[in-house]
Amino acid sequence: MIELEEITKVYSRGFLRRQKTIAVNNVSISIKRGKTLGLVGESGSGKSTLGRIALRLIEPSSGTVRFDGIDLTRLKGSKLRKLRPRMQILFQDPDTSLDPRMTIRECMAEPLIISNRAGPEEMEDRILGLLGQVGLQSDLIDRYPFEISGGQKQRVALARVLSLDPDFIVADEPTAALDLSVQAQVLSLIKSIQKKSNLTILFISHDLQVIEQMSDSIAVMHHGSIIEQGTPQDILHMPMEHYTRNLVAAAYGSDAWLGKIKDLRAKS
Amino acid sequence: MNIPDSLENANRNNPEAKGMALIQIAGLKVVFSTRSEKIRAVDTVDLTINEGDTLGLIGESGCGKTVMGMAMMGLLPTNADISGIIRYAGKDLLTAPESMMQKMRGREIAMISQNSANTLNPVMKVGDQIAEPLLIHHLYSADEAKKEVIRLLGALGFEDPVQAAGRYPHEFSGGMRERVLIALALICNPRVIIADEPTSGLDAEVKIEILHLIKEKVTGNRTLFLITHDLGTASFLCTRLVVMYAGEIVETGPTKEVLSRPFHPYTKGLLASLPSAGLNTIPGTSPSPSSLPAGCRFSERCIAAMERCRKEHPPMKEVGDNRQVRCFLYD
């Protein structure tokens, strides 16, 4: 479905742009239709840059992005615009991804109008249907983003992404700003929608435990490179790289008591 | 004024005092009044913190946990209507004049605030910022204060403390900035530390380092009141847990027992929501603090809710050793 081949992104700055920062270094990944690749790494490892390159929101310095067999890196203008609805991004912070001056209704209507997906008479029903799909009540429709909770905002952002029936979603730390119980709600919602509409997801997070729950395979990113890739089972139980081992220890080490909870759940 | 040789050696933390009630909170209510509504942020909280306790207050955004911390520091805004009692070492903090609160802050009770880029003054060298409380409390002269800051930065893991003291906050990484915030809280050697989400926004590895640092350097004989929504952090640092939901305490008890055998349906739900427990969700959302349900505040989301739960508000009840829960299931 989506293939990234030998992607490199170099940022230049300073006098004569001589100082170079390599954000992404020769990365190749691919995701099959309906599957989720979890991309894990610490802040500054290049994972968000890679996610944006996959959607061609950022141009790579070199390498190829293929979406459903089409070379995205060469597409231009209307051809690219035609593909845009099929690939969407869900951002970390719904406070900055929703326009504070638009009501939920206006915010939801915008992509539907632009893409000609609903006329004025069916708009209301479409929006309510989408909000219902993400578990939101219809009375929210005339509120502004500041009048609803963080979890509700992220659901609106998700509904907006889904309104275009995308095939591929980049979810960039979609629950980092949410509470534990709200995080669980949003993540299981994403999972159930993926099942229903066969979505392909690139799931970016620094939280290995979240990644484990969401992904069919995991890629570990460090200093711009993918240092290890495999099934959640392999990465978590047999990490090969020293860095991955540290990451796993850091994510699960302090939560030794969690093992007990798992045991309890298994028993009950 | 009598200046101790080193605050570290000033034996204010008398070992015999360990286990005595240091902070007593009774019937604490904090109500914010806006033009149209009354928001009950903290509602009738009773809590005793003993000397040397490491107590974790856990709960989700908006449940009132940060407001609790602010009330203990006397830092709530003027539109907050506070009633009840917060007693620190016998003194009532809520009726205390501001001049006394100023003497307390930093010296007796200090805060490690949430780590964000705007917590520290961006145009002041961190060494000067850390020294400020020492000078304000007239504990040291400027030269001595500088030495003390450098000694403390060294103890908190800065390889070159002299150089670090001369830097500005933006020159540090998130983890190093967290160490600066810890230094700022520890500089006057306070008896109580209130830590509000000390590791939010840090990478996993850095977080573990900071947690170990807090455990080694901050707790010791000191009393720690940790405010967090991260169960892992609370279980690592705290021996006792207090679970808050919609402005009130719903469960307390020793950390290990609460986490391995939670009583309140909300605590159970919270543990089941953990990614590692399989992301089982609690249905619905927390009630708005301006329109709280009449009965149990969790009843609308509770799978075990009975008829009674919707009508009556459950009181806090002793269940077993040192454990309390606010739920009719344990009647």
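How do β6(A) and strand β7 of chain A pair, and over how many bridges? Keep that one in mind while I get us started. Hi everyone, and thanks for coming. A quick word of caution: what you see above is a predicted model.

So, back to my opening question. β6(A) and β7, residues 168-172 of chain A, pair in the parallel sense, and four bridges link them. If you want to find one of those positions on screen, look for L90(A), whose bridge partner in β7(A) is A171(A).

Let's zoom out to the sheet around that pair. In chain A, six strands make an open sheet with mixed pairing, and the order is β6-β7-β8-β3-β9-β10. The edges are β6 (87-90) and β10 (225-230) of chain A, each pairing on one side only. On average, and ignoring direction, neighbouring strands here are turned by 20 degrees against each other. Packed on this sheet is helix α1, residues 47-54 of chain A, which touches β3 (36-40), β7, β8 (200-205) and β9 (217-222). The direction of α1 makes about 160 degrees with that of β8(A).

Now chain A as a whole. We have eleven helices and ten strands in chain A. Its C-alpha trace spans about 60 × 60 × 35 Å along the principal axes. Chain A has a radius of gyration of 20 Å, which agrees with the value near 18 Å for a compact globule of 268 residues. Of those 268 residues, 40% are buried. And if you take the contacts in chain A with a separation of 6 or more, 67% of them are between residues 24 or more positions apart.

On to where the chains meet. Here 30 residues of chain A are in contact with 26 residues of chain B. On the chain A side, α6 (150-162), α7 (180-197), α8 (208-214), α10 (242-253) and α11 (256-267) each supply at least two residues. By class, that side of chain A has ten nonpolar, 13 polar and seven charged residues.

Chain B, then. Its open sheet has eight strands in the order β6-β7-β8-β3-β9-β10-β12-β11, again with mixed pairing. At the edges sit β6 (109-112) and β11 (317-318) of chain B, each pairing on one side only. β11(B) runs antiparallel to β12, residues 324-325 of chain B, and two bridges join them. K317(B), for example, has V325(B) as its bridge partner in β12(B).

Across β6 and β7 (192-196) of chain B lies helix α6, residues 174-186, running at about 175 degrees to β6(B). That helix matters for my next stop, the largest nonpolar core. Among its 156 residues, A183(B) and L226(B) touch the most other members. The largest share of this core, seven residues, comes from α6(B). Beyond its neighbours within four places in sequence, L226(B) is in contact with several residues, including L55(B), L57(B), A195(B) and L237(B).

Which residues of α10(B) are buried? They are P265(B), Y266(B), T267(B), G269(B), L270(B) and L271(B), so to speak six of the eight in this mostly covered helix.

Last, a glycine. G157(B) is found in the loop between α4 (142-155) and α5 (161-165) of chain B. G157(B) counts as partly exposed because 16 other C-beta atoms lie within 10 Å, where 20 or more would make a residue buried and 12 or fewer exposed. Leaving out residues up to four places away in sequence, G157(B) touches R179(B) and L213(B). Thanks, and I'm happy to take questions!

Key: Residues are numbered from 1 along each chain as its sequence is written. Chains are lettered from A and ligands numbered from 1 in the order in which they are written. This is a predicted model: local features need pLDDT of at least 70, side-chain atom pairs count only at pLDDT 80 or more; totals for chains, interfaces and linings use all residues. Two strands pair if DSSP finds at least two bridges between them. Two residues are in contact if their C-beta atoms, placed from the backbone, lie within 7 Å. Axes are lines fitted to C-alpha atoms, for helices over the stretch in contact, and angles run from 0 to 180 degrees between N-to-C directions. Ala, Val, Leu, Ile, Met, Phe, Trp, Tyr, Cys and Pro count as nonpolar, Asp, Glu, Lys and Arg as charged, and the others, Gly among them, as polar. A nonpolar core is a set of buried Ala, Val, Leu, Ile, Met, Phe, Trp, Tyr and Cys residues joined through C-beta atoms within 7 Å. The radius of gyration is taken over C-alpha atoms; the globule rule is 2.2 Å times the number of residues to the power 0.38.
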